[in-house]
Each structure stands twice: as structure tokens, then as C-alpha cells.
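Colleague: I would like to learn how to read a structure like this one. Could you take me through it feature by feature?

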Amino acid sequence: MADGGRYLARNWSYGEARLGWATAARSSLWARCACGREAAVDPRPWIAQGLGRQVLHDLETRLRCVCGARRASLEIRGLAEAPGAGAGGIHVFR
Ligand SMILES: [Zn+2]
């Protein structure tokens with residue numbers, strides 16, 4: 001399937017997605033901890049720090065979960081995918 005290192009279909013749902021993409025229309029940034037908690041994260045403070053071009057993977061250690069975890073997975077979701085009640089417990093640390 002190799003074709004010189006190019007991908008026919010981009011697969012960027014996790015580490016390669018960039019923070020700035022979370023500000024696209026109908027998109028939102030979500031954090032998910034290994035304990036199962038999920039929370040919406042506001043990307044604007046990070047973008048204000050000039051981090052809009054950072055890949056999400058590099059920002060995961062800036063999150064803290066109420067379970068004590070010092071990182072959480074970040075992903076960009078469409079608004080329709082966002083869960084309603086029950087989300088929360090993960091906060092931006094810096
Ligand atoms: Zn947790």
C-alpha cells in the first residue's frame with residue numbers, strides 16, 4: 001500500500017490535529033481522560049498564547065483531571081458529537 005510515504009486518506013483525529021482547527025465552524029475541542037471522563041475545553045486561552053499551530057498531542061500534558069491524571073487525550077469533534085450532561089472534570093492547567 002506504500003506510495004512514497006503519502007497517505008491517500010488523512011487520519012489526523014488525534015495527534016496530528018492542530019489546535020487552531022478547533023475554532024472552525026461547528027467544531028469543538030474535547031478532552032478525554034483514561035478514567036473515562038470527558039470535558040469540553042475552550043481553546044481560546046491557548047490560541048491567545050500563540051499555540052494555534054500546536055498539534056493537540058503537545059498540549060495534552062497541560063490538562064488535569066479530577067481523578068489526578070496529569071494528561072488527557074485531546075480531540076476535535078463536530079458539535080453533533082458532543083455529549084450533553086455528565087461531561088466535566090478536566091481542566092486546563094496552564
Ligand atoms: Zn481522569
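**Reading the strands and the core**

Modeller: Let us start with one pair of residues: Ser-27 has its bridge partner in strand 4, and that partner is Gly-78. Keep in mind that this is a predicted model.

Colleague: How many bridges join strand 1 and strand 4, and in which sense do they pair?

Modeller: Strand 1 and strand 4 are antiparallel and share six bridges. Another of the partners is found at Ala-31, which is matched with Leu-74 in strand 4.

Colleague: What does strand 1 have on the strand 2 side?

Modeller: Strand 1 and strand 2 also run antiparallel, joined by four bridges. Trp-30 has Ala-40 of strand 2 as its bridge partner, and Ala-31 has Ala-39 of strand 2. Ala-31 therefore has a bridge partner in strand 2, Ala-39, as well as one in strand 4, Leu-74, and both pairings rest on bridges found between strands.

Colleague: What is the order of the strands in the sheet?

Modeller: The order is 2-1-4, in an open sheet of three strands with antiparallel pairing. Strand 2 and strand 4 are at the edges with a single partner strand each, so one side of each has no neighbour in the sheet. From one strand to the next, the twist averages 35°.

Colleague: How many helices and strands does the chain have?

Modeller: There are one helix and five strands. Along the sequence they follow the pattern β-β-α-β-β-β.

Colleague: What lies between strand 1 and strand 2 in their hairpin?

Modeller: Five residues lie between the two strands of that hairpin, and Gly-36 there has a positive phi near 105°. A positive phi also turns up at Arg-26, near 65°, and that residue is not a glycine. Arg-26 sits in the segment before strand 1.

Colleague: Is Arg-26 buried or exposed?

Modeller: Count the C-beta neighbours: Arg-26 has 8 inside 10 Å, so it counts as exposed. The cut-off for exposed is 12 or fewer. Now try Arg-77, which belongs to strand 4. Arg-77 has 17 C-beta neighbours inside 10 Å and therefore counts as partly exposed.

Colleague: How far apart are the C-alpha atoms of Arg-77 and Ser-27?

Modeller: They are separated by 5.6 Å, although the two residues are 50 residues apart along the chain. For the whole chain, look at contacts with a separation of 6 or more: residues 24 or more positions apart account for 72% of them.

Colleague: Where is Arg-53 found, and which residues does it touch?

Modeller: Arg-53 is in the loop between helix 1 (44-48) and strand 3. Leaving out residues up to four places away in sequence, Arg-53 touches Arg-18 and Gly-20. The C-alpha atoms of Arg-53 and Trp-21 are separated by 8.7 Å, with their positions 32 residues apart along the chain. Arg-53 has 9 C-beta neighbours inside 10 Å, so it counts as exposed.

Colleague: Which way do the side chains point along strand 2?

Modeller: They alternate. Ala-39 and Val-41 point to one face and are buried, whereas Glu-38 and Ala-40 point to the other face and are not buried.

Colleague: How many residues does the largest nonpolar core have?

Modeller: It has 17 residues, and Leu-29, Ala-31, Ala-72 and Ile-90 have the most contacts inside it. Two or more residues come from each of strand 1 (27-32), strand 2 (38-41), strand 3 (63-65) and strand 4 (73-78). Strand 1 gives the most, with three residues. As for Leu-29, its contacts outside its neighbours within four places in sequence are Ala-22, Val-41, Pro-43, Leu-74 and Ile-76. In the chain of 94 residues, buried residues make up 19%.

Colleague: Which element has the lowest mean pLDDT, and which the highest?

Modeller: Strand 4 has the lowest mean, 90, and strand 3 the highest, 96. The chain averages 82, and 76% of the residues score at least 70. Over residues 1-12 the pLDDT is below 50, and this stretch has one contact in the model beyond near neighbours in sequence.

Technical notes. Residues are numbered from 1 along each chain as its sequence is written. This is a predicted model: local features need pLDDT of at least 70, side-chain atom pairs count only at pLDDT 80 or more; totals for chains, interfaces and linings use all residues. A nonpolar core is a set of buried Ala, Val, Leu, Ile, Met, Phe, Trp, Tyr and Cys residues joined through C-beta atoms within 7 Å. A residue is buried if 20 or more other C-beta atoms lie within 10 Å of its own, exposed if 12 or fewer, and partly exposed in between; C-beta atoms are placed from the backbone. Two residues are in contact if their C-beta atoms, placed from the backbone, lie within 7 Å. Axes are lines fitted to C-alpha atoms, for helices over the stretch in contact, and angles run from 0 to 180 degrees between N-to-C directions. pLDDT is the predictor's confidence in each residue, from 0 to 100.
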